[in-house]
Amino acid sequence: MTFPTTSRPVRARAVRRWAGAAAVVVASSLALAGCSDDPTPVSDDTGTATEDPQPSEPGSGSGQESDPASPTESAAASESASETPSDPAASGTAVPVYFAGDGPGGRTVLFREFQRVEGDPLTDAARLVAGGGQPVDPDYRTLWPGVEITSVQATDGVLLVEIPSDGFTERPDGMSRRDARLAVQQLVYTLQGVQQERVPVQVQREGGAPLFGLPTGTPFEAAGALRTLNLVNITSPAEGDTVSGDTLEITGVANSFEAAGPCGIFRGEEELVGGGYQSEAWMGNRLFPFEASLPLDGITGEVVVRCETDDPTGGTEGPGPAVDTKTITVQ
């Protein structure tokens with residue numbers, strides 16, 4: 001993921017005057033605002049059950065948004081096995097790992113990338129999140145300060161994560177309350193993605209000790225996707241890939257206005273070729289698969305693939321589009 005140092009001109013788009021455009025802009029702004037570092041209960045953003053639920057908001061995962069499917073069904077659908085990159089020559093198991101990155105307006109959100117692990121997929125993926133590895137994309141990062149994870153097991157209807165209780169029972173210096181909640185969601189989304197099932201994640205510590213100041217007595221659920229994830233995420237090509245041929249095939253997941261958004265190939269600030277993607281759907285509490293094809297005629301060397309969500313306001317309202325980029329080499 002690479003962001004240009006200066007803003008590029010907004011692509012001209014047809015003006016949409018129908019009332020739904022304004023409603024979507026407002027809903028998206030509320031959804032992104034829902035994970036702010038404010039005094040709302042911790043349970044709202046960790047996914048932990050609460051006996052006193054807060055009023056629902058768009059994208060909160062409360063089941064009140066337009067998608068009639070339950071949060072579990074919607075979230076599980078965004079982690080379909082068909083999205084996993086396939087390389088018969090590669091060893092190990094490809095697992096989805098969720099890392100933090102900069103979303104619209106600089107807000108921290110989660111991005112997914114696939115990595116290969118040689119051991120137990122659940123345990124090794126959790127250790128990547130907990131600081132035992134590095135994201136492939138240099139602009140992604142983990143919010144975990146380096147925590148030992150003993151094991152992860154699927155048992156008794158939960159994913160049981162064993163973490164020794166002798167460290168990070170409270171937030172480390174520099175970790176905000178919101179980052180603590182988002183760090184937990186890194187683990188939850190990663191393990192549920194590996195398991196291909198939205199089952200609760202139970203953190204087990206001696207004596208029921210907290211983690212980053214968050215109580216571990218109750219299993220963690222996945223928080224609402226629209227509040228937690230970047231709304232566009234490129235799956236392939238991956239960061240650092242070398243590609244060839246006449247056409248670049250791009251896949252990913254997104255939740256963009258009218259299920260479409262721009263994709264382009266850039267070198268610095270220059271757009272070498274522009275196009276767009278069309279996802280399977282939009283709205284609801286999940287990201288939807290998309291595909292795009294861009295011609296590679298005359299393009300060689302290192303370039304940046306950039307996909308965005310559509311911004312029906314043209315940049316005049318809200319924090320702007322969600323963006324994801326991958327630096328690749330064209331032969």
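1. A nonpolar core is here a set of buried Ala, Val, Leu, Ile, Met, Phe, Trp, Tyr and Cys residues joined through side-chain atoms within 4.5 Å. Buried means under 20% relative accessible area, exposed means over 50%, and partly exposed lies in between, with a 1.4 Å probe and protein chains only. The largest such core has 68 residues. Trp144, Leu187, Leu191 and Ile250 are the residues with the most contacts inside this core.

2. On the source of the values: this is a predicted model, in which local features need pLDDT of at least 70 and side-chain atom pairs count only at pLDDT 80 or more, while totals for chains, interfaces and linings use all residues. Residues are numbered from 1 along each chain as its sequence is written, and side-chain values use heavy atoms, with hydrogens and water left out.

3. Helix α5, residues 177–195, gives the most to the largest core, with 9 residues. Helices (H or I, at least four residues) and strands (E, at least two) are DSSP runs, numbered from the N terminus. For Leu187, the contacts beyond four places in sequence are Ala126, Val129, Trp144, Ile149, Val161, Val201 and Val203. Contact here means heavy atoms within 4.5 Å.

4. How many salt bridges does a search of the whole structure find? The search finds 3. The rule asks for a side-chain nitrogen of Lys or Arg within 4 Å of a carboxyl oxygen of Asp or Glu. As general background, side chains of opposite charge can pair when their charged atoms come close.

5. One of the salt bridges joins Arg141 and Asp102, with the closest N and O atoms 3.7 Å apart. Arg141 sits in the loop between α4 (121–132) and β3 (151–155) and Asp102 in strand β1 (residues 93–102), so this pair ties together parts 39 residues apart in sequence. Both ends are partly exposed: Arg141 has a relative accessible area of 31%, and Asp102 is at 34%.

6. Another salt bridge is formed by Asp137 and Lys326, whose closest N and O atoms are 3.3 Å apart. This pair links distant parts of the chain, with Asp137 in the loop between α4 and β3 and Lys326 in strand β13 (residues 323–330), 189 residues apart. The C-alpha atoms of the two residues are separated by 7.6 Å. Asp137 is buried, with a relative accessible area of 0%, and Lys326 is buried at 3%.

7. Which residues does Lys326 contact, leaving aside its neighbours within four places in sequence? They are Asp137, Tyr140, Ile234, Pro237, Ala238, Glu239, Val303, Val304 and Val305. Side-chain polar contacts join Lys326 to Asp137 at 3.3 Å and to Tyr140 at 2.9 Å. A polar contact is a pair of N or O atoms within 3.5 Å; within protein, one must be able to donate a hydrogen and the other to accept it, and residues adjacent in sequence count only if both atoms are side-chain atoms.

8. A further salt bridge brings together the side chains of Arg306 and Glu308, at 2.8 Å from N to O. Arg306 is buried, with a relative accessible area of 12%. Glu308 is also buried, at 5%.

9. The count of disulfides comes to 1, a disulfide being a pair of cysteine sulfur atoms within 2.5 Å. Cys263 and Cys307 are the residues joined, with 2.0 Å from S to S. Cys263 is in strand β9 and Cys307 in strand β12 (residues 301–308), so the disulfide ties together parts that are 44 residues apart in sequence. The torsion about the S-S bond is about 110°, so the disulfide is right-handed. Are the two cysteines buried or exposed? Cys263 is buried at 1% relative accessibility, and Cys307 is buried at 0%.

10. Two other strand residues may be noted. Phe266 is found in strand β9 (residues 260–267) and is buried at 5% relative accessibility. The C-alpha atoms of Phe266 and Thr327 are separated by 9.4 Å, with their positions 61 residues apart along the chain counted as sequence separation. Thr235 lies in strand β6 (residues 232–236) and is buried, with a relative accessible area of 12%. The side chains of Thr235 and Arg112 are joined by a polar contact of 3.1 Å.
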